[in-house]
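Trainee: I should like to learn how to read the features of a protein model. May we go through one together?

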Amino acid sequence: KANPRLKKVFGSLVQHLHDFLRENEVTLDEFFTAIEMVNSCGRMSDDKRNETQLLIDLLGVESLCDEITYKLATDAPDAPTATAILGPFWRENAPKLPMDASIVKNEIPDAEHTYIFGKVTDFATGKPIEGAKVDVWHTAPNGLYEQQDPDQPDMNLRGIFTTGEDGKYSFYCLRPTPYPIPYDGPAGKLLKLLDRHPMRPAHIHFILTAPNYKPLVTQIFDRRDKYISNDTVFAVKDSLVVDFKPREGDPKAQLELPYDFRLVSY
Ligand code: DHB
Ligand code: FE
């Protein structure tokens, strides 16, 4: 049976698309080039490489949908924690780890180990949230997520931590590095043709879930990164930019980052 929402947005899409085609006098040659581009993204996409999402994200579509979906969330320091796009590299079933565990599974020379810790609280009451799951993932210093890189152990740099009564979480990871989105496929080819760089600012991804709270998909960004104001997929928000600080007296980490999350209940 017909879907009214789909009927509405499809009608609108067709209308805008026809306007776009007329306005730009798009030719058949260009049409077939675009078809081949989409097909080649589809052929490449699997659970290791989500090329279709990569292509679409370069258009700013995911980041605008994020803004539209969470339009009530503001970007102020005392507001609920701001959202950011999921991106193409989250994986289901990351290892569940105890507090203070490290998500770094391999020896990495000169890596900057970081201790991240904080509290997950209810935005409205400020009370700690027990049983919140903090799902975290980031790239290795070579700029690759574990599933893109045969040299990394499975599920490297991924983990899920569950808060106790005090709402606290803590773990070891690496200081993230600026990272070029995979550049050897159709999405990279498009960037080159547009004379656009492929860089994302250094970031760490999080998904927070807790019973009775709205899930929070977000990322934090390293302030020192020069791509912070020039993210190729447009995901940075001011309140998500953080400062890594030197850590004293911990042989396991040279840096630390206190970071609290404020969730909104249903
Ligand atoms: C995209 C997002 C990421 O977090 C990333 O590491 C690479 C690409 C994206 O939105 O396409
Ligand atoms: Fe990412």
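Mentor: We shall discuss the metal site, the sheet, a helix, the surface and some backbone angles in turn. Please keep in mind that this is a predicted model.

Trainee: Let us begin with the metal. Which protein atoms are the donors of the iron ion (ligand 2)?

Mentor: One reads a metal site by listing the atoms that the protein offers to the metal. For the iron ion (ligand 2), these are OH of Y145, NE2 of H203 and NE2 of H205, lying 1.9 to 2.1 Å from the ion.

Trainee: What spacing do the donors follow along the chain?

Mentor: The spacing is Y-x57-H-x1-H. Y145 and H203 are 58 residues apart and link distant parts of the chain. Y145 belongs to the loop between β2 (133-137) and β3 (158-162), whereas H203 lies in strand β7 (residues 203-209).

Trainee: Are Y145 and H203 buried or exposed?

Mentor: A residue is called buried when its relative accessible area is under 20%. Y145 has a value of 1% and H203 has a value of 3%, so Y145 is buried and H203 is buried as well.

Trainee: How should I read a sheet, and what is the order of the strands in this one?

Mentor: Strands of a sheet pair through backbone hydrogen bonds, and the pairing is either parallel or antiparallel. Here an open sheet of 5 strands has the order β3-β2-β7-β8-β9, with mixed pairing. At its edges stand β3 and β9 (241-242), each of which pairs on one side only.

Trainee: What joins β2 to its partners?

Mentor: β2 runs antiparallel to β7, and 5 bridges join the two. Within this pairing, K133 has T209 of β7 as its bridge partner. Another 5 bridges join β2 to β3, which also run antiparallel; there, V136 has G159 of β3 as its bridge partner. β2 is mostly covered, with 4 of its 5 residues buried.

Trainee: Turning to helices, which residues of helix α5 (residues 186-193) are buried?

Mentor: An α-helix has 3.6 residues a turn, so residues three or four places apart point the same way. In helix α5, the buried residues are P186, A187, G188, L190 and L191. Their cover includes α2 (28-44) and α3 (51-57). Just after α5, D195 takes a positive phi of about 60°.

Trainee: Where else is phi positive in a residue that is not a glycine?

Mentor: To find such residues, one looks at the sign of phi together with the residue type. N93 is one of them, with a phi of about 60°, and D110 is another, with a phi near 65°. N93 is found in the loop between α4 (61-69) and β1 (113-122), and D110 is also placed in the loop between α4 and β1. A residue counts as exposed when its relative accessibility is over 50%. N93 reaches 64% and therefore counts as exposed; D110 reaches 78% and therefore counts as exposed too.

Trainee: Finally, which residues make the nonpolar surface patch?

Mentor: A patch is read by asking which side chains are grouped on the surface. This one covers about 690 Å² and is made by L6, V9, F10, L13, L17, F20, L21 and V26. One of its members, L6, lies in helix α1 (residues 4-24).

Technical notes. Residues numbered from 1 in each chain as written. Chains lettered and ligands numbered in written order. Predicted model: local features only at pLDDT ≥ 70, side-chain atom pairs only at ≥ 80, totals over all residues. Heavy atoms only, no water. Donors = N, O, S within 2.8 Å, 3.2 Å for Na, K, Ca; no water. Buried < 20%, exposed > 50% of the residue type's maximum accessible area, 1.4 Å probe, protein only. Patch = residues over 30% accessible without salt bridge, like charges linked within 9 Å, V, L, I, M, F, W, Y side chains within 5 Å. Areas by Shrake-Rupley, 256 points an atom, 1.4 Å probe, with all protein chains shown as cover. Salt bridge = Lys/Arg side-chain N within 4 Å of Asp/Glu carboxyl O. Pairing = 2+ DSSP bridges. Contact = heavy atoms within 4.5 Å.
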